[in-house]
Amino acid sequence: MKRELGIARCGPACCLCTENENCGGCDRCAQEEECVNRRCTLARGLGHCYECPDAGECEKGLLGKVKPRAFTRFARAHGEAALLDRLEAGERDGMVYHRVGVEGDYDAFPSAEALIAFLESGCRPPCANGGKMV
């Protein structure tokens with residue numbers, strides 16, 4: 001994990017991304033002009049979508065996907081450092097951010113609420129099997 005890379009404007013975990021060696025980040029992305037999340041945060045003077053008061057309900061751009069929406073909501077509620085702590089613990093516990101392309105273990109959750117519950121508790125259902133993050 002490259003914690004210093006944090007998360008992207010709209011929630012993806014740059015710190016765990018398999019492309020983080022080659023990626024210039026949100027402000028140097030080849031799609032920066034088309035990115036609705038980048039345009040929106042810049043227009044509002046925000047660094048991240050989680051700083052927006054509408055973050056809990058917004059589904060613009062990548063926030064239409066479960067993982068970025070859950071990460072954004074979690075960071076809004078608990079802070080980016082807490083999200084990075086949970087992602088780091090998940091990595092230690094064997095969670096893989098990207099297995100095939102950009103899909104990984106965090107993409108297997110059926111909803112943002114289920115992923116947020118996992119991040120908050122550190123436990124994948126059913127928890128009786130000792131599935132706690134360290």
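Throughout these views, a residue is buried when its relative accessible area is under 20%, exposed when that area is over 50%, and partly exposed in between (1.4 Å probe, protein chains only). Everything shown comes from a predicted model, in which local features need pLDDT of at least 70 and side-chain atom pairs count only at pLDDT 80 or more, while totals for chains, interfaces and linings use all residues. Residues are numbered from 1 along each chain as its sequence is written, and side-chain values use heavy atoms, with hydrogens and water left out.

**View 1. K67 of helix 2 pairs with D107 in a salt bridge.**
A salt bridge here is a side-chain nitrogen of Lys or Arg within 4 Å of a carboxyl oxygen of Asp or Glu. The closest N and O atoms of D107 and K67 are 3.1 Å apart. Because D107 lies in the loop between helix 3 and helix 4 and K67 in helix 2, the pair ties together parts that are 40 residues apart in sequence. Helices are DSSP runs (H or I, at least four residues), numbered from the N terminus. K67 is buried, at 7% relative accessibility, whereas D107 is partly exposed at 25%.

**View 2. Helix 4 is joined to helix 2 by E113 and R73.**
This salt bridge brings the closest N and O atoms to 3.0 Å. E113 sits in helix 4 and R73 in helix 2, 40 residues apart. With 49% relative accessibility E113 counts as partly exposed, while R73, at 18%, counts as buried.

**View 3. R3 reaches E88 from the segment before helix 1.**
The R3 and E88 side chains meet in a salt bridge of 3.1 Å, N to O. Helix 1 spans 36-44, E88 belongs to helix 3, and the two partners are 85 residues apart. R3 is partly exposed at 28% relative accessibility, and E88 is partly exposed at 28% too. Through salt bridges that share partners, R3, D85 and E88 form one network. The structure holds six salt bridges.

**View 4. Helix 4 turns its buried residues to the same side.**
Which residues of helix 4 (residues 112-121) are buried? They are A112, L115, I116, F118 and L119. These residues cover an arc of only 160 degrees around the axis (taken from the directions from the helix axis to the C-beta atoms). An α-helix has 3.6 residues a turn, so residues three or four places apart point the same way. The buried residues of helix 4 pack against helix 2 (66-78) and helix 3 (80-92), with contact meaning heavy atoms within 4.5 Å. After helix 4 comes G122, with a positive phi near 75 degrees.

**View 5. F71 is among the residues with the most contacts inside the largest nonpolar core.**
A nonpolar core is a set of buried Ala, Val, Leu, Ile, Met, Phe, Trp, Tyr and Cys residues joined through side-chain atoms within 4.5 Å. The largest one has 21 residues, and L83, L87, Y106, L115 and L119 join F71 in having the most contacts inside it. Helix 2, helix 3 and helix 4 each supply at least two residues of this core, and the largest share, five residues, comes from helix 4. Not counting residues up to four places away in sequence, F71 touches G11, A13, L83, L87, Y97, Y106, L115 and L119.

**View 6. C35 and C49 are in no disulfide.**
A disulfide is a pair of cysteine sulfur atoms within 2.5 Å, and by this rule the count is zero. For C35 the nearest cysteine sulfur, that of C10, is 5.7 Å away. For C49 the nearest is also that of C10, at 5.6 Å. C35 is partly exposed at 27% relative accessibility, whereas C49 is buried at 8%.
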